[in-house]
Protein chains: 2
Amino acid sequence: MIRIDVTSARPLEDQIAAALRQALAQGEIGPGDELPSVRQLAGDLGVHWNTVARAYRRLADERLLIVRRGRSVVAREPSGQPSRVARTGLREQLNEAIAAAVLGGISSDEIGRIFQEALARFGERRRS
Amino acid sequence: MIRIDVTSARPLEDQIAAALRQALAQGEIGPGDELPSVRQLAGDLGVHWNTVARAYRRLADERLLIVRRGRSVVAREPSGQPSRVARTGLREQLNEAIAAAVLGGISSDEIGRIFQEALARFGERRRS
DNA sequence: CCAACTGTCTCACTGTCTGATACAGTAATC
DNA sequence: GATTACTGTATCAGACAGTGAGACAGTTGG
C-alpha cells in the first residue's frame with residue numbers, strides 16, 4: 001500500500017504520514033475507504049504499531065481520516081476551500097525544493113519538467 | 001540577510017541551512033562572497049552562534065561553502081552535473097508538497113501557477 | 001608577541017522519536 | 001449479556017537529536 005525507508009534519518013512517523021497523504025491526494029485511497037489496522041500496516045512496514053497509530057492520529061487531526069478505537073480507520077472527504085497557510089506552506093516547500101535542485105545542478109527547464117510529471121499524477125483521481 | 005521563525009517547531013539549524021540554500025540558489029549570495037561570522041549572524045537572528053556554526057558546517061559538507069576557523073566563511077561555486085539523488089530528492093519533495101496542497105484544497109491550476117512564480121525567482125541570478 | 005577575531009569541540013540539558021506494555025472501546029458470537 | 005477477539009489510546013522508559021554554555025584552537029593584523 002505505501003512504502004517507507006527505515007534507514008532514512010527522517011522519523012518513521014513522518015514518513016508514514018507523508019506517504020498516506022500522497023496516497024490520499026492521488027486518489028489511491030478515496031473517501032470512505034477503510035485503511036488497514038495499525039498492527040497490520042505496521043507489520044507490513046516492519047515498524048512498531050504504535051508508530052503507525054501516531055501517524056494515523058496525526059492525519060486525523062488534519063481531518064483527513066476518521067479514527068476511533070474499536071472501529072476501523074476510514075478516509076474522509078478533504079476540506080473545502082484552501083487556507084492562507086496552505087498556500088504559504090506550498091510556496092515555502094517549493095522554494096526549498098527548487099533551491100536544492102538548482103544547487104544540485106539541475107536546470108530550470110528540467111525542474112519544470114519534473115514538476116509537470118509530478119503534478120500530472122494528482123489529476124487522475126482514479127477510484128477503484 | 002535571511003529570515004527564520006524561532007517559534008516554528010522546525011529545528012533552527014534546519015531553517016538556517018534552508019534559508020542559506022535559497023539565498024545561494026537565487027544568487028543573492030554568489031561564489032566568493034563572504035558571509036557574516038557565526039556570532040554576527042546569530043546575533044541578527046536571535047539564536048545561539050553555535051547553531052549558526054552547525055548550519056554553516058552542514059552547507060560546507062554539501063560543498064556550498066568554504067569554512068575554516070580563523071577565516072571568514074565564503075560561498076563557493078556549486079557542483080557541476082546533477083546526481084541521481086538530486087533528481088529523486090526533488091521528485092519526492094515535489095510529490096509531498098503537491099499532495100499537501102491538493103489536500104489543502106488548492107487546485108492543480110493554482111499549484112502550477114504558484115510553482116511557476118517560485119521557479120522564476122531562481123532564473124534571475126542577480127549579482128551585486 | 002599579543003589581542004581580537006574566526007570556527008571547533010565537548011558537555012549538559014531538554015524535548016522528540018520509538019517501542020513496550022497496560023488499558024479501553026467496539027462488534028461478533030455464543 | 002457475557003465472552004472473545006479485535007480495534008485504537010495512554011503512559012512510561014530508553015535512545016537520540018537540537019540547543020546552548022564554555023573552553024579551545026587557528027588566523028590575522030597591530
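Me: How do the residues of the surface near DNA strand C divide into nonpolar, polar and charged?

Reply: A surface can be read by sorting its residues into classes. In this predicted model, the surface near DNA strand C holds 8 nonpolar, 9 polar and 6 charged residues.

Me: Which residues come nearest to DNA strand C?

Reply: A residue counts as near if its C-beta atom, placed from the backbone, lies within 6 Å of the strand. There are 23 residues around DNA strand C, and the nearest are Leu12(A), His48(A) and Gly70(A), with Ser37(B) and Arg69(B) from the other chain. Two or more residues each come from α1 (12–25) and α3 (49–61) of chain A, and from α2 (38–45) and α3 (49–61) of chain B.

Me: Which element gives the most to that surface?

Reply: The answer is α3(B), with 4 residues near DNA strand C.

Me: In what order do the elements of chain A run from the N terminus on?

Reply: Elements are read along the chain. In chain A the order is α-α-α-β-β-α-α, made up of 5 helices and 2 strands. The C-alpha trace of chain A spans about 50 × 35 × 30 Å along its principal axes.

Me: What share of the residues of chain A count as buried?

Reply: Burial is read from the number of neighbours: a residue with 20 or more other C-beta atoms within 10 Å of its own is buried. By that count, 28% of the 128 residues of chain A are buried. Contacts can also be sorted by separation in sequence. Of the contacts in chain A between residues at least 6 apart, 49% join residues at least 24 apart.

Me: How many residues do chain A and chain B each bring to their contact?

Reply: An interface is read one side at a time. Chain A gives 40 residues and chain B gives 40 residues. On the side of chain A that touches chain B, α1, α4 (84–103) and α5 (108–123) each supply at least two residues. The largest share there is that of α4(A), with 16 residues. By class, this side of chain A has 23 nonpolar, 13 polar and 4 charged residues.

Me: What turn and shift lay chain A on chain B?

Reply: Copies are compared by superposing one on the other. Here a turn of 180° and a shift of 0.0 Å along the axis lay chain A on chain B with an RMSD of 0.0 Å. The two copies are therefore related as by a two-fold rotation axis. Within chain A, Leu94(A) has the C-alpha nearest the axis, 3.5 Å from it.

Me: Why can the copies be said to meet through the same surface?

Reply: The two sides are compared residue by residue. Of the interface residues of chain A, 100% are also interface residues in chain B, so the copies meet through the same surface.

How values were computed
Residues numbered from 1 in each chain as written. Chains lettered and ligands numbered in written order. Predicted model: local features only at pLDDT ≥ 70, side-chain atom pairs only at ≥ 80, totals over all residues. Nonpolar A, V, L, I, M, F, W, Y, C, P; charged D, E, K, R; others polar. Contact = placed C-beta atoms within 7 Å. Buried ≥ 20, exposed ≤ 12 C-beta atoms within 10 Å, placed from the backbone. Least-squares fit on C-alpha atoms with pLDDT ≥ 70 in both.
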